[in-house]
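Open the model in your viewer and keep the selection panel handy. We will make two stops together.

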Amino acid sequence: MSTWQFEATDEHDTERLAAALARLLPERVVVGLEGTLGAGKTRFVQALAAAAGHDRSQVVSPTFVLVQEHLGDRPIRHFDAYRLRDDDEFLALGVEEYFDAPGWSFVEWSDRVERCLPAERLDIRIVVTGETSRRFELRAAGSEAEAVLARLPAGLTR
Ligand SMILES: Nc1ncnc2c1ncn2[C@@H]1O[C@H](COP(=O)(O)OP(=O)(O)O)[C@@H](O)[C@H]1O
Ligand SMILES: [Mg+2]
């Protein structure tokens with residue numbers, strides 16, 4: 001397990017972090033996103049999707065549909081566990097198959113369905129520190145995710 005923090009002063013910083021992460025994420029990865037309503041979980045997935053060549057406007061909060069899929073060279077699955085009743089409802093979405101398939105799986109409110117997530121993953125908690133500032137607390141478990149985290153600081157560009 002390794003950790004790293006990033007202080008974003010504004011959305012531009014959030015974009016920089018997402019762009020750097022998008023360059024490093026492996027073909028198949030599960031990323032858990034924690035943080036209060038409005039912290040920026042969806043905004044961060046939008047930035048990652050855009051960095052991977054998806055149309056950012058297509059990435060909207062999956063709060064009501066529970067999962068959104070964006071196909072292409074870099075498939076993205078975007079889950080939101082906020083409204084789920086229990087683990088079974090999450091598993092019924094077929095999450096285990098999604099997690100095993102090539103592509104990036106992002107899970108908003110991942111702390112609510114932690115037992116359903118693979119042990120090897122990247123967790124990102126977004127903490128609101130001001131109107132436009134956020135602290136990103138990253139935790140990597142497993143050698144692949146830990147390698148991503150180790151390379152991330154050097155991958156940040158202005
Ligand atoms: N540095 C920042 N990073 C991300 N979002 C930010 C930042 N500063 C302000 N915001 C705003 O915070 C809101 C985050 O909303 P959203 O991504 O939907 O939150 P969540 O999915 O965590 O509920 C957006 O309106 C976004 O414009
Ligand atoms: Mg959201």
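The tour goes from a strand to a ligand.

Some housekeeping: this is a predicted model, where local features need pLDDT of at least 70, side-chain atom pairs count only at pLDDT 80 or more, and totals for chains, interfaces and linings use all residues. Residues are numbered from 1 along each chain as its sequence is written, chains are lettered from A and ligands numbered from 1 in the order in which they are written, and side-chain values use heavy atoms, without hydrogens and water.

**Stop one: strand β5**

Select residues 103-108, strand β5 (strands are DSSP runs of E, at least two residues, numbered from the N terminus). Six of its six residues are buried, so β5 is largely enclosed by the rest of the structure; buried means under 20% relative accessible area with a 1.4 Å probe, protein chains only. Look at one face for Gly103, Ser105 and Val107, then at the other for Trp104, Phe106 and Glu108.

Now add β2 (residues 28-34), which runs parallel to β5 and is joined to it by six bridges. Strands pair if DSSP finds at least two bridges between them. On the β4 side (residues 76-80), five bridges join another parallel pair. Centre on Ser105: Val30 stands opposite it, and Ser105 is also the bridge partner of Arg77.

**Stop two: ligand 1**

Select ligand 1 and show what lies within 4 Å, counting heavy atoms of residues. Which residues are closest? Among the 15 that surround the ligand, they are Glu11, Thr14, Gly38, Lys41 and Arg43. Zoom in on the side chain of Lys41, which has an N or O atom 2.7 Å from a ligand oxygen.

Terms used
Buried means under 20% relative accessible area, exposed over 50%, partly exposed in between (1.4 Å probe, protein chains only). Helices (H or I, at least four residues) and strands (E, at least two) are DSSP runs, numbered from the N terminus. A polar contact is a pair of N or O atoms within 3.5 Å; within protein, one must be able to donate a hydrogen and the other to accept it, and residues adjacent in sequence count only if both atoms are side-chain atoms.
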